[in-house]
Amino acid sequence: MATYIHTERRSQLNPSGLRNLRQEGRLPGVVFGKNADNQIIHICTKQFEKWIKKGASGFIELKIEDDYSFIVLLEDLQRNPVTRQPLHVDFQLVQTDEIIRTKLGVKIVGVPAGAKWGGVVQIQDPYVEVEALPKDLPSIVELDISAMEIGETLFVKDLVLPPEVTVISGDNELLVSVSKP
């Protein structure tokens, strides 16, 4: 169900303290949620980056110092504008009995037919914003582009999602297109 990441609590740190934490391979973050106190944490940067490379979607189980664990969703990731290294992460605490709003990753599947004629695939937005109960959320949404020809586009309305999932993103938001070379 969820990816497991070991987490440690941290105290409020000044900018140099946060810089030292990052140099030690730890990523500072915060966990927040409805009817819950914010928790200031830090996690292993390498473990988090592996999860990001896998698609960065789905639930994460944060285990805090063998004390207890809780399920979260990635809410925001701040990166260094030059090096693109992660600087800070925000997690939203998941309440299993309440509808949550989140972004799902859109996985592009297939090679478009238009690519045979030199068409170039342009991915506009790799995410779609949705609302659903946590148990109804898919970890990723697949979008098959193998039938696309040059000049065709696919929009949010072209996604196939379970009926329990409500799409928040606009129907006419562009996801992917195949353009002339």
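This passage walks through the strands, sheets and nonpolar cores of one predicted protein model.

Some ground rules come first. The model is predicted, so local features need a pLDDT of at least 70 and side-chain atom pairs count only at pLDDT 80 or more, while totals for chains, interfaces and linings use all residues. Residues are numbered from 1 along each chain as its sequence is written, and side-chain values use heavy atoms, with hydrogens and water left out.

On confidence, pLDDT is the predictor's own score for each residue, from 0 to 100. The protein averages 85, and 96% of the residues score at least 70. Strands here are DSSP runs of E with at least two residues, numbered from the N terminus. Among the elements, strand S1 (residues 3–9) has the lowest mean pLDDT, at 81, and S11 has the highest, at 91.

Starting towards the beginning of the chain, S1 runs antiparallel to strand S3, joined by three bridges; two strands pair if DSSP finds at least two bridges between them. Strand S2 (residues 26–33) is also an antiparallel partner of S3, over seven bridges. S2 and S3 form a hairpin with two residues between the strands, where Asn35 takes a positive phi near 60 degrees. Within these pairings, Glu8 has His42 of S3 as its bridge partner, and Arg26 has Cys44 of S3.

His42 deserves a closer look. This residue sits in S3 (residues 36–44) and is buried, with a relative accessible area of 8%; buried means under 20%, exposed over 50%, and partly exposed in between, using a 1.4 Å probe and protein chains only. The side chains of His42 and Arg26 share a polar contact of 2.9 Å. Such a contact is a pair of N or O atoms within 3.5 Å; within protein, one must be able to donate a hydrogen and the other to accept it, and residues adjacent in sequence count only if both atoms are side-chain atoms. Leaving aside residues up to four places away in sequence, His42 touches Thr7, Glu8, Arg9, Arg10, Leu21, Arg26, Leu27 and Pro28, where contact means heavy atoms within 4.5 Å.

Further along come two open sheets. One has four strands in the order S10-S7-S9-S12, with mixed pairing. Strand S10 (140–144) and strand S12 (166–167) stand at its edges with a single partner strand each, so one side of each has no neighbour in the sheet. Strand S7 (residues 100–109) runs parallel to S10, joined by five bridges, and Lys107 has Glu142 of S10 as its bridge partner.

The other has three strands in the order S8-S13-S11, paired antiparallel. Its edge strands, S8 (120–123) and S11 (153–155), each pair on one side only. S8 pairs with strand S13 (residues 174–179) over four bridges, and Val120 stands opposite Ser179 in S13.

As for the interior, a nonpolar core is a set of buried Ala, Val, Leu, Ile, Met, Phe, Trp, Tyr and Cys residues joined through side-chain atoms within 4.5 Å. The largest has 22 residues, and Val128, Val130, Leu137, Leu143 and Leu159 have the most contacts inside it. S7, strand S9 (127–132), S10 and S13 each give two or more residues to this core. Apart from it lies another core of 15 residues, including Ile5, Trp51, Phe70 and Val89.
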